[in-house]
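Please load the model and keep a selection panel open. The stops below are meant to be followed in order.

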Amino acid sequence: MNPIFDRKFFVPDPEGHTMPDGRLYVYGSLDISGNDDYCSPFQRVFSTDDIASGKWTDHGLVYSNTEENPQIYWRKTSRLSAPDAIHKDGKYYMYVCSSITQVEGMAVSNSPSGPFQNTRPVAGADGDGIDPAVFVDTDGSAYLFWGQFHLRGGKLNADMCSLDESTVN
């Protein structure tokens, strides 16, 4: 349970980013009350323009990966965990993963509050671990880091869904 959101939401693995609109957005896993499985096939986004106020906006479901609507089409999985998102060149990129099949994927949106769609595998990271973290440096270069028990990282190519293999460590 996360103490900053409504008690009905269980949001482990949160990642927060201030986006160009000045709001702080939090992306995280979503556990469902009463479900014994950790992490669900759904992800929500929350934002605030004044963290001290304690007032958060729930933007609702912004990404799902269900059997009926498999956005992660290249690997059968339903549970999602530990997303992260970033803004670059007018688009918002959310990096999704599943610990069940070591999925690393990227979905895109025109808004920081989603919906995020058109998921593609992250070439060079997909199948190699979970827990993505994305960073855009002041020079505009984007980097992806991942791995639960081993840290990996590399520079993202301009497509934001493949890695420059010469930089992967």
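The tour starts with the whole chain and then moves through selected strands, loops and side chains.

**Whole chain**

Keep in mind throughout that this is a predicted model. Show the full chain as a cartoon. The protein has zero helices and eleven strands, so colouring by strand number is a practical choice under the way strands are numbered, from the N terminus. Read from the N terminus, the elements run β-β-β-β-β-β-β-β-β-β-β.

Switch to C-alpha atoms and align the view to the principal axes. The C-alpha atoms fill a box of roughly 45 × 35 × 30 Å. The radius of gyration is 15 Å, which agrees with the value near 15 Å for a compact globule with 169 residues. Of the 169 residues, 46% count as buried. Among contacts with a separation of 6 or more, 41% are between residues 24 or more positions apart. Turn on the surface: about 8,400 Å² is exposed, and carbon and sulfur atoms supply 49% of this area.

**Stop 1: the loop before E6**

Select glycine 90, which is in the loop between strand E5 (81–88) and E6. Is glycine 90 buried or exposed, or does it fall in between? Its relative accessibility is 44%, so it counts as partly exposed. Add serine 64 to the selection and draw a distance between the two C-alpha atoms. Glycine 90 and serine 64 are 26 residues apart in sequence and 23 Å apart in space.

**Stop 2: the E6–E7 hairpin**

Next, select residues 91–98, which form strand E6, and residues 103–109, which form strand E7. E6 and E7 pair in the antiparallel sense, over seven bridges. To find one position in this pairing, show serine 98, which stands opposite valine 103 in E7. Four residues lie between the two strands of the hairpin. In that turn, pick glutamine 102, whose phi is positive, at about 60°.

Now keep E7 alone and colour by accessibility. How many of the seven residues of E7 are buried? Six are, and the strand is mostly covered.

**Stop 3: from E7 to E8**

Add residues 117–121, strand E8. Three bridges join E7 to E8, and the two strands run antiparallel. One place to look is glycine 105, whose bridge partner in E8 is proline 121.

**Stop 4: serine 109**

Zoom in on serine 109, which lies in E7. Serine 109 counts as buried because its relative accessibility is 6%, and the cut-off for buried is under 20%. Show side-chain atoms and the backbone oxygens around this residue. Which backbone oxygens does the side chain of serine 109 reach? One belongs to serine 111, at 3.0 Å from a polar atom of the serine 109 side chain. Another belongs to proline 115, also reached at 3.0 Å.

Then expand the selection to the contacts of serine 109. Leaving out residues up to four places away in sequence, serine 109 touches Lys91, Tyr92, Gly114, Pro115 and Phe116.

**Stop 5: serine 113**

Move along the chain to serine 113, in the loop between E7 and E8. Its relative accessible area is 19%, so serine 113 is buried; the limit for that class is under 20%. The side chain of serine 113 makes a polar contact with the side chain of serine 111, at 2.9 Å. Serine 111 is also the residue whose backbone oxygen lies 3.0 Å from the side chain of serine 109. With residues up to four places away in sequence left out, serine 113 touches Tyr25, Val45, His59 and Val62.

**Stop 6: the sheet E9-E10-E11**

Hide the previous selections and show E9, E10 and E11. These three strands form an open sheet in the order E9-E10-E11, with antiparallel pairing. The edge strands are E9 (133–136) and E11 (152–155), each pairing on one side only. Look down the sheet to see the turn between neighbouring strands, which is 15° on average, direction ignored.

Begin with E9 and E10 (residues 142–146), which pair over four bridges. Here valine 134 stands opposite leucine 144 in E10. Then go to the other side of E10, where four bridges join E10 to E11. Tyrosine 143 has lysine 155 as its bridge partner in E11.

Finish at the E10–E11 hairpin, which has five residues between its strands. Select glycine 147 in the turn; its phi is positive, at about 120°.

Notes. Residues numbered from 1 in each chain as written. Predicted model: local features only at pLDDT ≥ 70, side-chain atom pairs only at ≥ 80, totals over all residues. Heavy atoms only, no water. Pairing = 2+ DSSP bridges. Axes fitted to C-alpha atoms, helices over the stretch in contact; angles between N-to-C directions. Buried < 20%, exposed > 50% of the residue type's maximum accessible area, 1.4 Å probe, protein only. Polar contact = N/O pair within 3.5 Å; in protein donor to acceptor, adjacent residues only side chain to side chain. Contact = heavy atoms within 4.5 Å. Rg over C-alpha atoms; globule rule 2.2 N^0.38 Å. Areas by Shrake-Rupley, 256 points an atom, 1.4 Å probe, with all protein chains shown as cover.
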